[in-house]
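Biologist: I am new to this structure. Please take one strand and its surroundings and walk me through them closely.

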Amino acid sequence: MLALAWRRFTRKHGPVERTRLSACWGSGRSQHRWSSRCFAGRLRPPGDRSLPLPPALRLSSFRSRRDVGTPAQVERDGTGSVSSPSVLWRMASGGGSSSPHKHSNRLAREKSPYLLQHAHNPVDWYPWGHEAFEKAKTEDKPIFLSVGYSTCHWCHVMERESFQDEDVGKILNQHFVCIKLDREERPDVDKVYMTFVQATSGGGGWPMSVWLTPDLRPFIGGTYFPPRDQGRRPGFITVLTRIIDQWQNNRPSLESGGEKILSALKKGTSITANGGEGPPLAPDVADRCFQQLAHSYEEEYGGFREAPKFPSPVNLMFLMTFWWTNRSTSEGLEALQMATHTLRMMALGGIHDHVAQGFHRYSTDSSWHVPHFEKMLYDQAQLAVAYITAFQVSGERLFADVAKDVLQYVSRDLSDQSGGFYSAEDADSVPAWGGQRKREGAFCVWTASEIRELLPAVVEGSSGTTTQADVFMHHYGVKEHGNVTPEQDPHGELQGHNVLIIRYSLELTAAHFGVSLEKVVELLTSARARLAEVRKVRPRPHLDTKMLASWNGLMLSAFARVGAVLGDKALLERAERVARFLKEHLWDAERQMILRSCYRGDHMDVQHISPPIAGFLDDYAFVICGLLDLYEATMQTEWLVWAEELQLRQDSLFQDEQGGGYFCSDPKDDTILLQLKEDQDGAEPSANSVSASNLLRLSSFTGQDRTQTSLKLLAAFSKKLTQVPISLPEMVRALMAHHHTLTQIVICGQKGAADTAALLAAAHTIFLPFKVLMFVDGDPQSFLCQRLPTLMSMSQQGGAATAYVCQDFRCSLPVTDPQELRQLLLDRTAAVQEDR
């Protein structure tokens, strides 16, 4: 889309020399970025890679401290390749000074952990809002917008180097109106200006630095800037000085150039359905998506590309769905192998926290060994679903255990007493071995001497003087001088330490030491518990206690789906707790809208900012999906009713009735200059992708036909689905659901009865990607029977709970035996192969 905007722009205005003002600039197929999640989603358009900036603002380009070359779509789709094996992407937390505050600004009144980290800078920061906008207009000053989030390493580097600098503060306060923005609070604002930065610099990332006119139009942007000039690299003060000069002496050209770029972006980012055309054919799109993923697949350790490696749950879910529709083909079996091998290697790797559970953000190497140690809520949610799906597909207990492991971590370390979940746990912490400077991974890594001291007991039944430490170190790859190579640790933060990674199977470890398998399991379990106790007393990483509706919606799906498959009542109760949290704290019933965020207060209470931030498209889409999953897991109708209510509200706020699909934010908000539709599934699925499936599921549940709305949405994304479906694997799954149509499984029985539970359990144990599960208790006034009168013709047979398997409500003969139901569902899977 941005390439199209460029071509239109240059046709109209003629060729213009490219100008870069960003640490994240690109050349050829390379781009230079600063951190893992400090990456923009769509970093580079195809073809021409930048839109022009006024030549007067040309600054000497400079390279980042870690020059990383990647293809486009690094963060969102989790693919990437590095230009050198010695290059790593790192990110860590920052933190303010513990000394008495010399300065305070308006951010001290905010709730966002990121904004609070800047509350005592000498910069006169404003939060995003009309107070700052009016000041800029009244004083006729440009706006300096700085965007980041609380666990972004280079955001904190720039704060420490520049925003805590008195001289920088004086320049900013005198010549600019300065706005600090948390991208997780306001993704709508972030998307607009990141699109501008990507288009004008060929790359993007956080911290994002953008200069705006008083009416919020961007005219120049970049990412991180060092505080002072470093050779050919311009420092932040130099950048500010040149912008001030141009604002004072060349303002018309500056504003004109920015306006032209914005106009081109409005045209180039438009996503709309062509009149009367439907979406592309699902089998063709699915085949192409599989081929593109297979091309990027790394066979030895799984995952996509060599390194760094991201979990990419959207890719894994697509592959398992592709297998389900192609089980009898070699391509289908290959897809399944790709997904399960990747999940297995991740579970064994250092990206998986073997002591305290959960998954780190990504791996810096191809073998999933040395991670970036940050833990994100949205990763845990999607990975739990991917692992429980792999268990349904394969029956391999490892996958179910890992799914529960993830939810154990979230329940323990990211859970608020209100029922909600926190956003993230940082990568850096103060090392327990001394020193005040935070180090990445300090909370998680171990020396060999520590482990020997903690696990000294001699193993009974082993030959010689084998200790528990010997067994543990062998199994988890612990080395005397550390198991992290210098190439994986360019700053020496992990020198002499070990990242635990499973090197051998339990059977091989048992054989190596001549002890029983049961003994090895017992030893390793007790050893992990001992190390977990030690970690509890280490200085903990920073915890972002912001609670977002969208990410809590993803986690609602995780608890509901894992709980349903495993029949775990505790997990289902936790799912209902988060649903009630969302309704109590992030739903404004009076104004009928979801709120974006709430926060943990100083007294462990739930707090909101005033006025609260209205929810965005992903908040609605992810919560609706979670509620539908919760209904199918619990058969509690209230969640289905609320899901429909939220869908109606989503339609009224974000739907593009003419062009199809949904805008990311409310198009009536005049402070958002670009109305964008997210067109990439990556670290999080696109809200449009999730909405396409939600609409189809709700059609089956409620009897109100929303399939045309879903089809029009898919038609709007036809070009991307046809050309690069790898960028939208979750949307491809929705397209496949339309092609195969949903299977309706109707259970008639008494709620809570054992025979009803047995039929529901049978339905949950099988992976059926295109199905809805309904419960009918014989009450003609129930929500489902009122919406779907045909359900009244279905009843219990002989007083026993009864199941019907239907396609467009053309149903099989009723069955009462759980095994018969399983067979019916397996037969339905076989029929899909024939339809293919």
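Modeller: Q744 of strand β20 stands opposite V772 in strand β21. This is a predicted model. The two strands run parallel, and 6 bridges join them. β21 covers residues 771–776. The chain gets from β20 to β21 through helix α27, residues 754–765. This β-α-β crossover is right-handed.

β20 has another partner, strand β22, residues 802–807. Here the pairing is antiparallel, again over 6 bridges. Within β22, Y804 is the bridge partner of V746.

Now for burial. β20 spans residues 743–748, and 6 of its 6 residues are buried, so the strand is largely enclosed by the rest of the structure. Both of its faces are covered. On one side lie T743, I745 and I747, all buried. On the other lie Q744, V746 and C748, buried as well.

Next, the cysteines. The model has 1 disulfide. This disulfide joins C806 to C811, with 2.0 Å from S to S. The link is right-handed, with 100° about the S-S bond. How accessible are its two ends? C806 is buried, at a relative accessible area of 1%. C811 is partly exposed, at 33% relative accessibility.

C785 is in no disulfide. The nearest cysteine sulfur to C785 belongs to C748, 8.2 Å away. A disulfide needs the two sulfur atoms within 2.5 Å, so that pair does not count as one. C785 is itself buried, with a relative accessible area of 4%. C748 brings us back to β20, where this cysteine is among the buried residues.

Terms used. Residues numbered from 1 in each chain as written. Predicted model: local features only at pLDDT ≥ 70, side-chain atom pairs only at ≥ 80, totals over all residues. Heavy atoms only, no water. Buried < 20%, exposed > 50% of the residue type's maximum accessible area, 1.4 Å probe, protein only. Helix = DSSP H or I, 4+ residues; strand = E, 2+ residues; numbered from the N terminus. Pairing = 2+ DSSP bridges. Right-handed = clockwise from strand over helix to strand, strands pointing away.
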